[in-house]
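Work through these exercises with the structure open beside you. Try each task before you read its solution.

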Amino acid sequence: MKIEDDSSNSEKFELITFSIGSQDFCMDIILVREIRGWTNVTMLPHAPKDVLGVMNLRGAVVPIVDLSARLGLGVCESKERDVIIITLIEKKIVGFLVTAVSDIIELSQTDIQPMPQMGGKKENQFVKGIYISDNKTLRVLDIASLAASMTTAQESV
Amino acid sequence: MASLIELRQVFFQECEEQLEDLTDGLTALEGSEDFSNLDPEIINRMFRAVHSVKGGAASFSLDAITQFAHAYESILDELRSGKLTLNQKIINTFFTSADYLTDLVSLGAENVEPIAAELESKIKDLSALSGSMKFGAGVSEEDDCIAAFTPLALSGEMQFPPVEDVNGSVFEIYFKPTLDLYANGHEPVQIFRELSTLGVLEVQCKFDRDFKWDQAEPAIEWHLVLSTNQSESEILEIFEFSEPYAKIEISSKVADITVSAPIESVSKHPASTPTMEKPNAAPDPAGEVHSAEPSAIRSAISAAPKATVRVDLDLVDELINLVGELVITQSVMTQSITEQDGIGGRQLSTTLEDFKSLTRTIQEGVMAIRAQSVKPLFQRMARIVRETAQIAGKEVRFATEGEDTEVDRTVIERLVDPLTHILRNAVDHGLEDAALRSQAGKDRIGTVTLSAAHRSGRVVIEVIDDGGGVQREKVLSSAIEKGLVPQTAQLSDSDIDRLLFLPGFSTAASVTNLSGRGVGMDVVNSEIRRLGGRVAIISHPGSGTTISISLPLTLAVLDGMVVDVADETMVVPISAIVETIRPDTSQIHQIGPAARMIAVREKMVPIIELGAVFGCAPIKNHTNDGILVIVEDDKGEHFALAVDKIRDQRQVVIKSLESNYGHVPFVAAATILGDGQIALIVDLDEITHQVSVDQSRSIQSIEAIA
């Protein structure tokens, strides 16, 4: 399916949509390895507060980031029903805790509008653009730069 | 194309082995008592090694390597034929040349052209050794190539140094087949046809008139005259397959000389004694470089080392990882089955036990695959010693012991830098000048020994020099001068020796090329600690210093004590644990607002709240239920870690946190426990170091640095 799309129109790409609290986001599906339910994590000492800890993903030690806290939307409260999006970014496996994963959509670059300037708020720092569908406003997250910023954040701790 | 690249890779892999062989041979030569009575097999082996490198390099058009290896080979051949007598100078040049050849090979592997001037001078160094002015085939060949020494001037065709006569030479070949030649499907006519492609061939057939018709042996023999500008080895190549089944004699006569000079007679007896004769690599009358080569190659096959398999390291690592998972899964399974007792009963638990021991065995086996002998590392170090000795202008004898000791590959890799530092120090600072040495009644030549051995589940690597030992007064005054130690400090001898490992310490009056910048020994210390090892120094004034490194066998598993700290499970490496105690309130002494100490066997030990270190718990009241784990750091200092509960003692598989996340303060790594949860492994060195630093700031106590 995906391969066909790539050959017919290289502009098209797929995004996974998810929600954090009541807000909707999406990100490039290429980076997503799997989606799994919440499991207990092991706390990491002296970690930034958005890094919840590490979990065991079939033998690999994977850090889990509270995406809500990372984006400055406040610490995610209930975790039991939440899901973790496991991503592979530059050979590092990182999990992101979100409230729910809803859909996979196919967009081309032209569908995405640039983010209007709304001041240098943290929550929009990692937003690449915005996509408006019939009933929803989806923010496209630049998850790679988000993950990269995690490394720098933890170095400064 | 892909296969060519693969072949190239194989070539470089093999080069490593050949170079190892070469160094082995050199070490053997160096160690031999009597240079005039050498084991010819050593030189043969070296020759074969260099020759294989040359041959391979030529076929991949690695001209610099080919050229240099050729020069090397020629000298070795002179040595072999007795034209050249070995002396220390030659051995030294051989060593530096072997080093340079190693460099060339690694440059070749990266597709980098070496510096032409350097190559030239290195070749000259080698050629300078040549006993005869007519430098074997080497010089004539270089004369042939007008642009001698220009790497590009040689083509890949010079795989065998030819008796290249520009005018061509005439070979007389005597060929007498045996019955087996025909039995094996060889056809003389085919051979002759092939020969005729080399040049002009004249074939004469000789038939035995007294031939008895019931005789099984063939009665025909041939005399061939071949005028060619190809080398003899080309001819031999054609006879390669038929050679065991025939008597072949090749003699060459240069076109304008009437007397034929036999260059080689490879004679093989008929099939009745097929296994007997092996062409001896003893110097042949003519002493030509090329003549013994084919036989050398053949004996190389017979002297093949024990069979090994080349495996991609990534594959092995992958396997090790998977086995690690298997062990984890097994313990998860065991735990969950034991929790729901009653199901399956005794039989199940027996099966589980079997399964457990199987996984252990597999794990051990896989770990053994990863283990490597320290030999390549030691050889690399030999080079460091040579180079350092040269720069420092000292004569050094380098000895190794326990080269076959096997250590985890990662450990070996990460030992390179620390060992380099230690050896440089040993040569530069440890050993005295020749004058001083003879004054002290020692051998003028200093000895540095590098040894490896397995000792109680750990690997101990020692660097021993027979130098002057640590000059303690100098060390102490230098340390005081630098403000590393308070002036009033009372230090024991071993305390002073350990000062060498302090950051920023150096006694060298001037900064030399080699050492004295005050970095080094502390880097050694921290690097070894990172490997889970310890460094110790033992010095005897006047008779030398021993620096001993003790390392775990593998970095993949660790014996740990599983403890609970403020609702988190942590693992403390067992190697550092001295004892665990449940303290009595009377033993604990409050010092200052936060610090507490405990008297253990009349020794005051600072208590470290593990929970506070990880910033996750309010400091608990330890008067009743706390447990103290007494640990020892690499300096022999004791610390008491306060934990809530000791859960278990087990072997854990080390998982890196860095690969997906990054460094976490006070945490060495992570592991996965039986329930599938991740537990962090405590980095004791970082914690105790932190405490030491805090202490030395506040108390300025000497213990903090000792």
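**Exercise 1. A sheet in chain A**

In what order do the five strands of the open sheet that includes strand 3 of chain A lie, and what is the pairing?

Solution. Keep in mind that this is a predicted model.

Step 1. Read across the sheet: the order is 3-6-7-5-4 in chain A, and the pairing is mixed.

Step 2. Find the edges. Strand 3 (32-37) and strand 4 (51-57) of chain A each have a single partner strand, so one side of each is left without a neighbour in the sheet.

Step 3. Check the turn between neighbours. With direction ignored, neighbouring strands of this sheet are turned by 30° on average.

Step 4. Look at one pair inside the sheet. Strand 5 (residues 60-66) and strand 7 (residues 92-98) of chain A run parallel and are joined by three bridges. In one of the pairings, A:Asp66 has A:Leu97 of strand 7 of chain A as its bridge partner.

**Exercise 2. The other order**

Which strands of chain A are the edge strands of the sheet with the order 8-1-2-10-9?

Solution.

Step 1. Take the order 8-1-2-10-9: it describes an open sheet of five strands in chain A, with mixed pairing.

Step 2. Look for strands that pair on one side only. These are strand 8 (100-108) and strand 9 (127-132) of chain A.

Step 3. Add the twist, which averages 30° from one strand to the next.

Step 4. Test one pair. Strand 1 (residues 12-20) of chain A pairs with strand 8 of chain A in the antiparallel sense, over eight bridges. A:Phe18 has A:Val101 of strand 8 of chain A as its bridge partner.

**Exercise 3. Two chains in outline**

How many helices and strands does chain A have, and how many does chain B have?

Solution.

Step 1. Count in chain A: four helices and 10 strands. Along the sequence, the pattern is α-β-β-β-β-β-α-β-β-β-α-β-β-α.

Step 2. Count in chain B: 20 helices and 23 strands.

Step 3. Note the burial. In chain A, 30% of the 157 residues are buried. In chain B, buried residues make up 35% of 706.

Step 4. Turn to contacts between residues at least 6 apart in sequence. In chain A, 54% of them join residues at least 24 apart. In chain B, residues 24 or more positions apart account for 68% of the contacts with a separation of 6 or more.

**Exercise 4. Where the chains touch**

Which elements of chain B each supply at least two residues of the side that touches chain A?

Solution.

Step 1. Start with the totals: 23 residues of chain B are in contact with 22 residues of chain A.

Step 2. Name the elements of chain B: helix 11 (313-339), strand 22 (667-672) and strand 23 (678-682).

Step 3. Sort this side of chain B by class. It has 14 nonpolar, six polar and three charged residues.

**Exercise 5. A helix pair**

Why is helix 11 of chain B described as roughly antiparallel to helix 12 of chain B?

Solution.

Step 1. Recall the description: two packed helices are described by the angle between their axes and the distance between the axes.

Step 2. Take the values. The axes of helix 11 and helix 12 (residues 345-370) of chain B come within 10 Å and cross at roughly 160°.

Step 3. Apply the cut-off. Angles over 145 degrees count as roughly antiparallel, and that makes helix 11 of chain B roughly antiparallel to helix 12 of chain B.

Step 4. Add the hand: the crossing of helix 11 and helix 12 of chain B is left-handed.

Step 5. List some residues of the contact. Helix 11 of chain B contributes B:Val316, B:Leu319 and B:Ile320, among others, and helix 12 of chain B contributes residues including B:Leu348, B:Leu352 and B:Phe355. By class, the contact has 13 nonpolar, four polar and two charged residues.

**Exercise 6. Positive phi**

Is A:His46 buried or partly exposed, and is B:Phe666 buried or partly exposed?

Solution.

Step 1. Locate A:His46 in the loop between strand 3 and strand 4 of chain A. Its phi is positive, about 55°, although A:His46 is not a glycine.

Step 2. Locate B:Phe666 in the loop between strand 21 (645-653) and strand 22 of chain B. B:Phe666 has a positive phi near 70° and is a residue other than glycine.

Step 3. Use the cut-off: a residue is buried if 20 or more other C-beta atoms lie within 10 Å of its own. A:His46 has 15 and is partly exposed. B:Phe666 has 21, so B:Phe666 is buried.

Notes: Residues numbered from 1 in each chain as written. Chains lettered and ligands numbered in written order. Predicted model: local features only at pLDDT ≥ 70, side-chain atom pairs only at ≥ 80, totals over all residues. Buried ≥ 20, exposed ≤ 12 C-beta atoms within 10 Å, placed from the backbone. Contact = placed C-beta atoms within 7 Å. Nonpolar A, V, L, I, M, F, W, Y, C, P; charged D, E, K, R; others polar. Pairing = 2+ DSSP bridges. Axes fitted to C-alpha atoms, helices over the stretch in contact; angles between N-to-C directions. Parallel < 35°, antiparallel > 145°, perpendicular 65-115°, else oblique. Left-handed = near helix turned anticlockwise from the far one by under 90°.
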